[in-house]
Amino acid sequence: MKLLLLVLLFCVISVSADTKKCRALALSGGGSKGAYEAAVYVGLVNNLPAEEVSYDVITGVSAGSLNTLGLSVFEPSDVVNSSDFIFALWNSISDYTVYKNWPLGIAQGLFKKSGIFDLAPGFDWVSERLGDRTVKRKVSFATVDANAAEYVVWDYNATDTQPADIIESAFASSSIPGIFPHRSRGDKVLIDGGTVWNLDLASAIRRCREVVDDDKDIIVDMVLCGDHKLDRKDDLDRYSTLDHLMRSIEVHQFYNGMSDYQSSMILFPEVDFRYFIAPSESINTALFPLDFTQKQVDICFEVGQKDAKNSIKLGHGGYAKVAMEYVKKLRNGEDVYLRTMIEEALNKTQASS
């Protein structure tokens, strides 16, 4: 009898070990459009069973790092409270000053500081919201060391006390070159991780390998929050220096995020890249992509939750397949819209079911 019980116990443990999965969420950069990422997370939580969105690992770049920071203080299974928190965080951001001019204005930022704007108000705002909460899951923040031209990722695990430098790491990842000051750490001069890679899938997989032994047991969801389409700009000759800088970042992020996804699929063929979600329509309310008004947040929330729901309806990799075809058509000069292509794909899915 004892032998039978031992055999049964061994079988239960073996089955449990075989079904262990590591779920990861990778969040890209995108300035104030980080609200879109938060909305996608809320949409996934509202439309999937809790265990499907209990992310063991979250990685962030730039705006994605700030969302990663906010979600880091919740246990992976605490999806309702984490969803409520990240929603409330962005919904209150318009009431606060995220960044400000230096005392002597933009001229001081251009010639005396390492960034045009002072990001100190945003740092204080996030620190106040986070309080002394501790880390409850594996999180990583991607930065670039401008000294060594090296991609540097800062890893954190669950802790009993809040790491002294975790907020600093998130803001280092968000230090857009030329816009916000760099962050120094030792001999490193840290700037926005999106300068190199806008979607840190490699770290998501690396951290999941700390949880499971087989890449087949890794499930990764990805959110890009760059603009959905690079429209032709007929008034570029009237752009200011700052407008030109932000346009270059917009172009870089659009193509870089898609390239990160494509290359990761080749490098990690056994990983389940489940949901790839990017804005299906414009989420811009202003030319300058650092607009933290309530209007900007509201449009991000509306589109983000809808895109999350549609991604689930299209199934594993379905949204990504449409997005890749969309980019292909754009590069061929076709006048196409992702929202329309998503709607067509949904209609086909419903017709075949």
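Which residues in H8 are buried? Hold that thought for a moment while I set things up.

What we have is a predicted model, where local features need pLDDT of at least 70, side-chain atom pairs count only at pLDDT 80 or more, and totals for chains, interfaces and linings use all residues. Residues are numbered from 1 along each chain as its sequence is written, and side-chain values use heavy atoms, with hydrogens and water left out.

Back to H8, then. The buried ones there are Leu 201, Ser 203, Ala 204, Ile 205, Arg 207 and Cys 208. That makes six of the eight residues, and the helix is mostly covered. By buried I mean under 20% relative accessible area, with exposed being over 50% and partly exposed in between, using a 1.4 Å probe and protein chains only. And when I say helix or strand, these are DSSP runs numbered from the N terminus: H or I of at least four residues for a helix, E of at least two for a strand.

Now keep your eye on Cys 208. Its sulfur is joined to that of Cys 22 in a disulfide, S to S 2.1 Å. A disulfide here is a pair of cysteine sulfur atoms within 2.5 Å, and searching the whole structure turns up one. Cys 22 sits in strand S1 (residues 22-27) and Cys 208 in helix H8 (residues 201-208), so the bond ties together parts that are 186 residues apart in sequence. The torsion about the S-S bond is about -80 degrees, so this disulfide is left-handed. Cys 22 is buried at 0% relative accessibility, and Cys 208 also has a relative accessible area of 0%.

What about Cys 225? Which cysteine sulfur is nearest to it? That would be the one in Cys 300, 7.9 Å away, and Cys 225 is in no disulfide. Seen from Cys 300, that distance is too far for a bond. Cys 225 is buried at 0%, and Cys 300 is buried at 0% as well.

Let's follow the disulfide into S1. Six of the six residues of this strand are buried, so S1 is largely enclosed by the rest of the structure. Cys 22, Ala 24 and Ala 26 point one way, while Arg 23, Leu 25 and Leu 27 point the other.

And who are the neighbours of S1? Strands pair if DSSP finds at least two bridges between them. S1 runs parallel to strand S7 (residues 218-223), with six bridges joining them; Ala 24, for instance, has Val 220 as its bridge partner. S1 also pairs with strand S2 (residues 57-61), again in the parallel sense, over four bridges. There, Leu 25 stands opposite Ile 58.

A quick stop at helix H6 (residues 120-130). Its buried residues are Pro 121, Gly 122, Phe 123, Trp 125, Val 126 and Leu 130. Right after H6 comes Gly 131, with a positive phi, near 60 degrees.

Last topic: the lining of the second largest pocket. By class, this lining has four nonpolar, two polar and four charged residues. For those classes, Ala, Val, Leu, Ile, Met, Phe, Trp, Tyr, Cys and Pro count as nonpolar, Asp, Glu, Lys and Arg as charged, and the others, Gly among them, as polar. H12 supplies the largest share of the lining, five residues.One definition before I sit down: on a 1 Å grid over the protein atoms alone, a pocket is an open set of points where a 1.4 Å probe fits, with protein on both sides within 12 Å along at least five of seven lines, and lining residues have an atom within 4 Å of a point.
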